[in-house]
Amino acid sequence: MSNHPETLALHAGWRRDEATTAVAVPIYQTTAFQFNDTDHAAGLFGLAQLGNIYTRIMNPTTDVLEKRMAALEGGVAALALASGQAASMFSVLNVAKAGDNIVSSTDLYGGTWNLFANQLKDLGIECRFVDPADPEAFARATDDRTRAYYAETLPNPKLRVFPIAEVAAIGKRFGIPLIMDNTAAPLLVRPFDHGAAVVMYSATKYLGGHGTSIGGIVIDGGNFDWEANAARQPALNTPDPSYHGAVWSQAVKPLGPIAYILKMRVTLLRDMGACISPMNAWLILQGIETLALRMRAHCDNASAVAKFLGARSDVTKVIHPSTQTGAGAAMVAKYLPRGQGGLLGFELAGGAEAGKAFINNLKLLYHVANIGDARSLAIHPASTTHSQLSADEQAATGVSPGYIRLSIGIEHIDDILADIGQALDAAKG
Ligand code: PLP
């Protein structure tokens, strides 16, 4: 099949239902799958062959979503999960256990920051946060127990593009995989093309686009040599007591370079159960069908909003890839030639009070804690998404008191600009 994303988004992983010839992917709303006989069942449980056992572990509808995303990203296989949070948690737990550490960019979604700073810590896994402006900071934070690097491609609020190739190359030196959260930049950036080993998404956002379904997905690039880095990556290279002592880098070899993602499915997902429902997998698949069209519209509209805000005297700062300067601008040119995304932020001369007044006067844009919806959205992060962070942590993630985040949708640009304009005028009082 062609590699054009517009085509893959409609066709990858599915042609027709063999039983009924249905063209649309059916919703296989079943918990269990009948085995042909005991040999068949034993083969499935023993991983001699891959197949459906129980929907917590895999499901034919979810399988199409996984294959489609693996194809779009240029990876080898994927695992869909209950949410983006489950995806980031599993992506780390798959390689790190108590006593280990990971190194993460400071530029993170607030929920991921909490997960890494608190939940991982309680599990005995240390997260070392470093400023991605200096990629070598990842090397300096690395020690013998560092198992993974983690970052977001286009993190809000700063919208500083992450130096994927630069940090992936450092990881290669040490035998450490780079895990990229690509939630904000589907189809705009393919992190595997730049050396990342694992890509994850909150599918809740642009992949679905409709704002109806929570979901997450982890994609394995199949490009990381777990076996060659055996001492550095014990989780994939020592016997796993939870699966008859399987050594994942060896046991999975006959099935292809899918050790990382298969281990995640048959251990973490089996044991912790953060599975996506077939219905939600199907809804996210519906969204992906139009992803290429939507991303184009998001990018065009957000660029127009950035220009509009830049011309207003009551706006002191516009944060959008197009307003980056110096090294930041070079990263935008290198990683975002296909579009600069749908997110932007700005600060008002009137500070926090003006920011709140702006939000309260919006009529078309929704005031919600979400991004990547086809509708335009706005929020005041300091009092919402980032409110559980300390003032210092908020500052480290780039949230100032008067900062407003916009996720620009695919409505007509005139209507978006009219609403933002009238809310800004009202905020001036
Ligand atoms: N990663 C990013 C960049 C996000 O924006 C979000 C949610 O806002 C998540 C992960 C978590 O995803 P979910 O809400 O699907 O759990």
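This briefing walks through the domains, cores, helices, strands and a couple of loop residues of one chain. The model is predicted. The domain assignment splits the chain into domain 1 (28-286) and domain 2 (291-427), and the largest nonpolar core draws at least three residues from each of them. Two kinked helices, α5 and α10, get a closer look below, as does strand β7, which is largely enclosed by the rest of the structure.

**Domains**

- The C-alpha centres of domain 1 and domain 2 sit 29 Å apart.
- Across the boundary, 33 residues of domain 1 are in contact with 41 residues of domain 2.

**Nonpolar cores**

- The largest nonpolar core counts 62 residues, and the ones with the most contacts inside it are L65, M69, L178, L207, I217 and I219.
- Helix α3 (residues 60-73) is the top contributor here, giving 5 residues to this core.
- Both domain 1 (28-286) and domain 2 (291-427) feed this core, with at least three residues from each.
- There's also a second, separate core of 43 residues, with L108, F116, L268 and A274 among its members.
- Back in the largest core, L65 touches A80, I217, A281, I284, L285 and I288, leaving out residues up to four places away in sequence.

**Strand β7 and its partners**

- All told, 5 of the 5 residues of strand β7 (residues 216-220) are buried, so the strand is largely enclosed by the rest of the structure.
- Both faces are covered: G216, V218 and D220 are buried on one side, and I217 and I219 are buried on the other.
- That split fits the usual pattern, since side chains in a regular strand alternate between the two faces of the sheet.
- Strand β1 (residues 77-81) pairs with β7 in the antiparallel sense over 5 bridges, and A80 stands opposite I217.
- Strand β6 (residues 198-202) also runs antiparallel to β7, joined to it by 5 bridges, with Y201 as the bridge partner of I217.

**Helix α5**

- Helix α5 (residues 110-122) has 13 residues, which at 1.5 Å a residue should span 18 Å; its end C-alpha atoms are indeed 18 Å apart.
- Even so, α5 has a kink of about 30 degrees centred on F116, a residue that also belongs to the second core.
- Its buried residues are G110, G111, T112, W113, L115, F116, A117 and L120.
- The cover over those buried residues includes α4 (84-93), β2 (101-105), β3 (126-130), β4 (146-152) and α15 (391-397).
- Just after the helix, G124 takes a positive phi of about 90 degrees.

**Helix α10**

- Helix α10 (residues 259-272) has 14 residues and reaches 19 Å from its first C-alpha to its last, close to the 20 Å expected at 1.5 Å a residue.
- Its kink is about 30 degrees, centred on R265.
- Of its 14 residues, 11 are buried, so α10 is largely enclosed by the rest of the structure.
- The buried set is A259, Y260, I261, L262, K263, M264, R265, V266, T267, L268 and L269; L268 also turns up in the second core.
- G273 follows α10 with a positive phi, near 75 degrees.

**The five-stranded sheet**

- An open sheet of 5 strands runs in the order β8-β9-β12-β11-β10, with mixed pairing.
- At its edges are β8 (315-319) and β10 (366-367), each pairing on one side only.
- β8 and strand β9 (residues 343-348) pair in the antiparallel sense over 4 bridges, and K317 has E347 in β9 as its bridge partner.

**Two loop residues**

- P239 is in the loop between α8 (234-237) and α9 (248-251), and it counts as exposed because its relative accessibility is 54%, past the cut-off of over 50%.
- Leaving out residues up to four places away in sequence, P239 touches G245, A246 and V247.
- The C-alpha atoms of P239 and Q250 are separated by 10.0 Å, with the two residues 11 apart along the chain.
- Q49 lies in the loop between α2 (38-45) and α3 and is partly exposed, with a relative accessible area of 39%.
- Beyond its neighbours within four places in sequence, Q49 is in contact with H40, G43 and L44.
- Q49 and C127 are 78 residues apart in sequence and 37 Å apart in space, C-alpha to C-alpha.

Terms used. Residues numbered from 1 in each chain as written. Predicted model: local features only at pLDDT ≥ 70, side-chain atom pairs only at ≥ 80, totals over all residues. Heavy atoms only, no water. Core = buried A, V, L, I, M, F, W, Y, C linked by side-chain atoms within 4.5 Å. Buried < 20%, exposed > 50% of the residue type's maximum accessible area, 1.4 Å probe, protein only. Domains from an automatic or database assignment. Contact = heavy atoms within 4.5 Å. Expected span 1.5 Å × (residues − 1). Bend = angle between axes of the 7 residues up to and from the residue. Pairing = 2+ DSSP bridges.
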